[in-house]
Amino acid sequence: MARNRYWRLDAHPDGHDYAAALSLQEETPAPLDDGQVRVAVDYLSMDAGTRMWMTGRTDGYQPPLALGSRMVGLVLGRVCESRDPDFTVGELVRGFGQWAELAVVVPSVAGLERIAGPLDDPRDPFGVLGLNAWTAHIGVCDVAQVKAGQWLAVSAAAGATGVMACQIGRNLGARVVGIAGGPAKCRYLREVIGVDRAIDYRGEDVAAALSDIDGGIHAYFDNVGGPMLDAVLPNMAHYGRVAVCGMVAAYGGAPLPGPARFDQVLMRRLRIEGFFIPDVLAAGGVFPPILREWAREGRLSMPFDQSEGIENVLTAYGRMMRGANIGKTIVKVSR
Ligand SMILES: NC(=O)c1ccc[n+]([C@@H]2O[C@H](COP(=O)([O-])OP(=O)(O)OC[C@H]3O[C@@H](n4cnc5c(N)ncnc54)[C@H](OP(=O)(O)O)[C@@H]3O)[C@@H](O)[C@H]2O)c1
C-alpha cells in the first residue's frame, strides 16, 4: 500500500496562523476495519465552517476536533479499498473525510455519496453540483423564500456559497446586492455574476450603501454575522427574512456579541432562521434538480481557486479565510 500524508491538528490556531497549529504527517496506512472505505483523494474542499472545528468551542454545531486528530474536511475521490459491501473500488465519491491523500471513512458517518457521471468538469461535485450550491439553494429558496422582483442581499458574496446564492437569486428574478471584500470581487460580481449592486465592505459603509434601496431588503443571506448583520438589519424591509447560513466573522475565536440592532427584528417584524446542510443530508434530502438544469443552461457557474498538492493545503485554506479567493477554494491532491 502507498504511503499516506495527512494534516494533523496539533493546537488551536491563533488567528490565521495555521502553520503553527497543523502539521503534515506521513504514515503507512493501517488495514481497514469492517465497514470502512478508503478513498484516494483527487480534490479537497476548503470550507470556512471548518475553522470553528479547529477551536475549542463546545457550543458550535459540531463538536471541536480533538487535538492530535486528523483534520476533517470534504473529499472527492475514488474508492481504492472497501470493506463496506455498498461501495466498490473505482467508484467516484464525495463525503466528509480527512485532509489526506488517502481518507478512511465509515460511509454513513461521512455522508459518503456516490457521484453519478458524466461530469462536464471533474470538480463539479465541489462546484455547481456541490454542497455550497445546495446550501445556497436552501437559504435562498426555503429559508428566505425569495421571490422575483424582491431585493436579496448576500454577504461573503464572492465566496463559494455566496456566489451560488447571488446566482440563484438572480435566476429567480430577484434584485441582488452582493457584499464582498475589495473592488476586484465587486467587479466580478457585477460583470460576471450580474448582480444589480456590489458593495465593497472593506472600502464602503455598508449601512449607508444599502440605505437608498426603496422599501428595503426583503431577504438577507448572511454568511458573516457580526457588524455586517448590524449594518443590514436597519435596512431590511418590513416582514423581511434573514437566512443565517454562516458567521465567518466569528469562527476564529470567541462568539461575537450581538446583533446590536436586534431591536429591528421587532420594529420591522423580521424572521431570522439558521440552517445547516448536514441536517438536510441526514434527513435524506435530494439535490435540487433546478441547479443541475441551470448549470446545463450556463446560468450557474462556480469559479475555482485551485492549489496543487497536499503540502499546499494550509496556503489554500489561508487564502480562503483571508478572502483572497473568488468562488470555491480547492486543493488538487496528486499522488
Ligand atoms: N449553514 C450551512 O450549512 C453552511 C454550509 C456551507 C457554508 N456555510 C457558511 O457559508 C459561509 C461561506 O463559507 P464558504 O465555505 O463558502 O467560504 P467562502 O465564502 O468561499 O470563503 C470565505 C469568505 O469569507 C469572507 N470573510 C472571511 N472573514 C470575514 C470577515 N471577518 N468578515 C466578512 N467576510 C469575511 C471572505 O470574503 P471577503 O473577501 O468578502 O471578506 C472569504 O472569501 C461561511 O460562513 C460558512 O460557515 C454554511
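**Reading the sheet and helices around β8**

Q: How many bridges join β8 to β11, and in which sense do the two strands run?

A: In this predicted model, β8 and β11 run parallel and are joined by three bridges. Within that pairing, L152 stands opposite A219 in β11.

Q: Which residues of β9 are opposite residues of β8?

A: β8 (residues 151-155) and β9 (residues 175-180) are paired in the parallel sense over five bridges. V154 has G178 as its bridge partner in β9, and S155 stands opposite I179. Between the two strands the chain passes through helix α4 (residues 160-171), and this β-α-β crossover is right-handed.

Q: What is the strand order of the open sheet, and which strands stand at its edges?

A: The six strands are ordered β10-β9-β8-β11-β12-β13, with parallel pairing. At the edges are β10 (197-200) and β13 (271-274); each has a single partner strand, so one side of each lacks a neighbour in the sheet. From one strand to the next, the twist averages 15°.

Q: Which way do the residues of β8 point, and are they buried or exposed?

A: In a regular strand, side chains alternate between the two faces of the sheet. In β8, W151, A153 and S155 point one way, while L152 and V154 point the other way. All of these are buried, which agrees with the count for the strand, five of five residues.

Q: Where does helix α3 lie, and how many of its residues are buried?

A: Burial here is a count: a residue is buried if 20 or more other C-beta atoms lie within 10 Å of its own. By that test α3 is mostly covered, with 11 of its 13 residues buried. Among them are W134, H137, I138 and V143. The helix (residues 131-143) lies across β8, β11 (217-222), β12 (236-244) and β13, and runs at about 150° to β12. Just after α3, Q145 has a positive phi of about 50°.

Q: Why do the buried residues of α11 line one face of the helix?

A: An α-helix has 3.6 residues a turn, so residues three or four places apart point the same way. In α11 (residues 313-322) the buried residues are V313, L314, A316, Y317, M320 and M321. Viewed down the axis of α11, they fall within an arc of 160°, so they line one face.

Q: What do the buried residues of α11 pack against?

A: They pack against β1 (4-9), β2 (22-27), β3 (37-45), α1 (50-53), β14 (304-308) and β15 (328-332). G323, just after α11, takes a positive phi of about 90°.

Conventions: Residues numbered from 1 in each chain as written. Predicted model: local features only at pLDDT ≥ 70, side-chain atom pairs only at ≥ 80, totals over all residues. Pairing = 2+ DSSP bridges. Helix = DSSP H or I, 4+ residues; strand = E, 2+ residues; numbered from the N terminus. Axes fitted to C-alpha atoms, helices over the stretch in contact; angles between N-to-C directions. Contact = placed C-beta atoms within 7 Å. Buried ≥ 20, exposed ≤ 12 C-beta atoms within 10 Å, placed from the backbone. Arc of directions from axis to C-beta. Right-handed = clockwise from strand over helix to strand, strands pointing away.
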